[in-house]
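Subject: Structure handover

Hello,

Here is the structure for your files. My notes on it follow below.

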Amino acid sequence: MTVPSAPQPAAATPPARTAARMWRRWWRSLSPNRQDRFAALAPLAAVLLFLAAIVAAFWYLRVEEADREQEALRRDVEYAQQRVRLRLLERQEQLMRVARDLANKDMELPQFHQRAESLIGQYPELQAITWIDETGKVLASHATPTIASAQVRVAGEVLRKGDTQAGFALSRSTQQPVYSQPAFKEGEPAPLLQLQVPLNAQGNFAGVVLGEYSVENLLRYGTPTELLARYAMTLLDSKGEVLAGVPLAPRERNQWMPWSRRTNAYEVPVSPVGNNLVLRAQAYRTSLGLVGSGLFWLVGALSAMTAWMLIATWRHTRRRMQAQQALVQETNFRRAMENSVLTGMRALDLNGTITYVNAAFCQMTGWSEEELVGQEPPFPYWPEADHEALHARLQDELSGKSIPGGFQVRVRRKSGTVFDARLYVSPLIDARGRQTGWMTSMTDITEPNRIREQLSASHERFTIVLEALDASVSVAPLGSAELLFANKLYRQWFGSQTDGHLQLVAQAGVLPAGDSGHPSDEDPLMGLPTDSLTSAHSENAEIFLPDLGKWLEVRSRYLSWVDGRLAQMVIATDITQRRLAEAQAARQTERAQSVSGLITMGEMASSVAHELNQPLTAISNYCSGIISRIKSGQITEAGLLAALEKTAHQAQRAGQIIQRIRDFVKKSEPKRQRADAEQMVAEAVELAGIELRRNNVRLTQYVAARLPSLMADSILIEQVLVNLMKNGAESIANASRPPAQRSVELRVVPRQIDGVDSVEFSVQDTGKGLAPEVLERLFEAFFSTKEQGMGMGLNLCRSIVEAHQGRMQAENIYNGPEVTGCRFTFWLPLAAPATDTTNVVANTESPRTTA
């Protein structure tokens, strides 16, 4: 009976295909704008995720590197501590033997001196061995000649108070060897590590054997040399004072880069001494750090660009991936073949018969091992034309006349071709120390010879480029008058001698003052002059050579010449035209400053006439009154003198106004000298007061008491203040402020700007302020908000302030959203302090109000 089969279900749709179909349906339902938005956000999100992964990977590598370095440092320090400990225990055992022989009276005084001399001569860390009886009296002592005289112990003396006596008492009470370390004192020799081994004569304390160690030699000879080269090893006492070695300078953590690390260090006490002797190792910094260097930022930027390019060119790179992989494999294979340098090895017995060749030798010559082993000269790979010379060379080899640097020969392959090779010969010694033959290594130098020729051609091209430069290039060694290199322009200017090079170096100041070209102190590792390199100028120097009539920009750097000597390269560029242009621009600026003063006084001409009219009218009235009283006979001599004094005072006032205007507008060279800020403000207020009164503007001054002096040109700074106060008065007049709000405030107070002591000048008005677009272009030349303005006033004011190493800025004053005025502020640095004691700048202000 056949059972009907159940109906088969329809094949299920794969989930991936369903998801792709849903994705396409959702994407097509979006509007084009939303599609563009998602297309722009998706790559951006991918870039951010990629950068986050790069940052996390760098940080993880940073942590892993720090852990590995710390673990390696700890392991190496513990290994060095074990080495020092073993060395101390070995010396302790030897001193204990001496103590045992002395206690058993198996050793007398002569034998003690011989034994001590032997130990001290054999072990450099031992500096002195002393025999001390139970009363602390020195019976005998032997020390190295290099020990300080203050540390030498003389037979018959008693132990001095200090660590030695304390160790002696402890050794007496414990009947055990005791280590001690005298305290380190400034101006005294380095203390010696002391070991006191007690003498036990039939259970009784009979004195000690005092061994004194040089901590410096203990560190030098007890620490492995590979650790000394890798770390800065030091030995410290219980107080942390350095007893031996040179520690690294402390490296503080950078507050702007909190991820930077300090010096990696680890320390461990040296037993059996204990905490009185601590071994510390500080790892030399071999890298700039992972995040602190530019590598992190470079990789981050390149990663961002790479991620964006991968997103944008993913379709294109997928089609070329296979071809690129094939190309990379082929390139790597060929590079591996080119970089594989195989050396052929050949062994000869004492009679000159070949006993061994390796595969590389066979590959070079083309003959197999069976064809070469057992051959006697002449060998098949010798060229026929060189048989006689090669046979003589072979005889020299067999007689031991080998050249340490090897020699060059021609070798013939089995195919008949010849190549250049270099042979190195060394004796072949068997396990018993007997010479059984000679081992020869052969290297194919055909390719290096070809490269040498290419380097020669490259050097020629490099020389051609330097000859064509429009700058003078010269190279000379330090401490010598030899000229190593000079290009064409240098020879045209200075000839073929070193005089021009030395003249540029001396006049440009690229060597420190007092350096005659002979470095007095050189770094033993790099061979560079440490004092010259640290104090030499790094910026370019501009000098003038009268012989050439040119301005030159001189740059210099140190380099290692091909023969290993330290040399100095000087590059001089002709900048005469640029300096002429700068001088012309300075002259134009000076003329503009003078013209600005004339323009300012021209605008103030009517006000000046009004100001002069007052004293002149008073003079006229006084003279008329005197004449009428004299005619009527009603004036006395006292009244006449009083009237004449008032007339003279008004005439003097008019003269002062004219003299002030004359000093203000006259053209002269800027003269920067010590100037009083309060006096400059007073004279500027007197000049600007005319314009302020004409516009019915009230002036309020706040000048700090006892202001320090400035190094400035008083006339130029007065011009700046007058322009600022005049502009404030005009701004108030244009804003049509009521009389209660028509005021200009002048404040002069001391300030510290960016760590520099300065004096701050500020002029604040109650006008309508400045528009944002005007603030952006306020100090541009030829930009003005006045209908008749030239646009040079504020530009020249800022130029004057910056010429005094100061700064200037402008800002609006707000009362809520409303602009209630404008403030102009500039700072001038203080003059250098004089030799005498200067007054302390008081922060108090003395307000003064001028109507």
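How many salt bridges does a search of the whole structure find? The search finds 28. Please keep in mind that this is a predicted model.

Salt bridges

One of these pairs is Asp-76 with Arg-230, where the closest N and O atoms are 2.9 Å apart. The two partners come from distant parts of the chain, with their positions 154 residues apart: Asp-76 sits in helix H2 (residues 32-103) and Arg-230 in helix H6 (residues 225-230). Asp-76 is buried, because its relative accessibility is 12% and the cut-off for buried is under 20%. Arg-230, at 41% relative accessible area, is partly exposed.

Helix H2 also holds a partner of another pair. A salt bridge joins the side chains of Asp-101 and Arg-115, with an N to O distance of 3.2 Å. Asp-101 belongs to helix H2 and Arg-115 to helix H3 (residues 109-122), so this pair ties together parts that lie 14 residues apart in sequence. Arg-115 counts as partly exposed, with a relative accessibility of 29%.

A further pair connects strands. Asp-574 and Lys-550 meet through their side chains at 3.5 Å, N to O. Since Asp-574 lies in strand S19 (residues 566-574) and Lys-550 in strand S18 (residues 550-560), the salt bridge ties together parts 24 residues apart in sequence. Both ends are partly exposed: Asp-574 has a relative accessibility of 32%, and Lys-550 has 23%. There is also a network, in which Arg-87, Glu-90, Arg-91 and Glu-125 are joined by salt bridges that share partners.

Charge on the surface

Which residues gather in a patch of positive charge on the surface? They are Arg-17, Arg-21, Arg-24, Arg-25 and Arg-28. Of these, Arg-21 is located in helix H1 (residues 15-29). Arg-21 has a relative accessibility of 36% and therefore counts as partly exposed. That value is also over the 30% that a patch residue needs.

Two single residues

Thr-647 is part of helix H18, which covers residues 637-665. Is Thr-647 buried or exposed? With a relative accessible area of 12%, Thr-647 is buried. Leaving aside residues up to four places away in sequence, Thr-647 touches Ile-619, Tyr-622 and Cys-623.

Tyr-814 is placed in strand S25 (residues 807-815). Again leaving aside residues up to four places away in sequence, Tyr-814 touches Val-819 and Thr-820. Gly-769 is 45 residues from Tyr-814 in sequence, and the C-alpha to C-alpha distance between Tyr-814 and Gly-769 is 9.1 Å.

Overall figures

The secondary structure consists of 22 helices and 27 strands. The protein has 851 residues, and 37% of them are buried. Taking contacts between residues at least 6 apart in sequence, 58% join residues at least 24 apart. The accessible surface is about 50700 Å², and carbon and sulfur atoms account for 54% of that surface.

Regards

Notes
Residues numbered from 1 in each chain as written. Predicted model: local features only at pLDDT ≥ 70, side-chain atom pairs only at ≥ 80, totals over all residues. Heavy atoms only, no water. Helix = DSSP H or I, 4+ residues; strand = E, 2+ residues; numbered from the N terminus. Buried < 20%, exposed > 50% of the residue type's maximum accessible area, 1.4 Å probe, protein only. Contact = heavy atoms within 4.5 Å. Areas by Shrake-Rupley, 256 points an atom, 1.4 Å probe, with all protein chains shown as cover. Patch = residues over 30% accessible without salt bridge, like charges linked within 9 Å, V, L, I, M, F, W, Y side chains within 5 Å. Salt bridge = Lys/Arg side-chain N within 4 Å of Asp/Glu carboxyl O. Lys, Arg positive; Asp, Glu negative; His and termini not counted. Charge placed at Lys NZ, Arg CZ, Asp CG, Glu CD.
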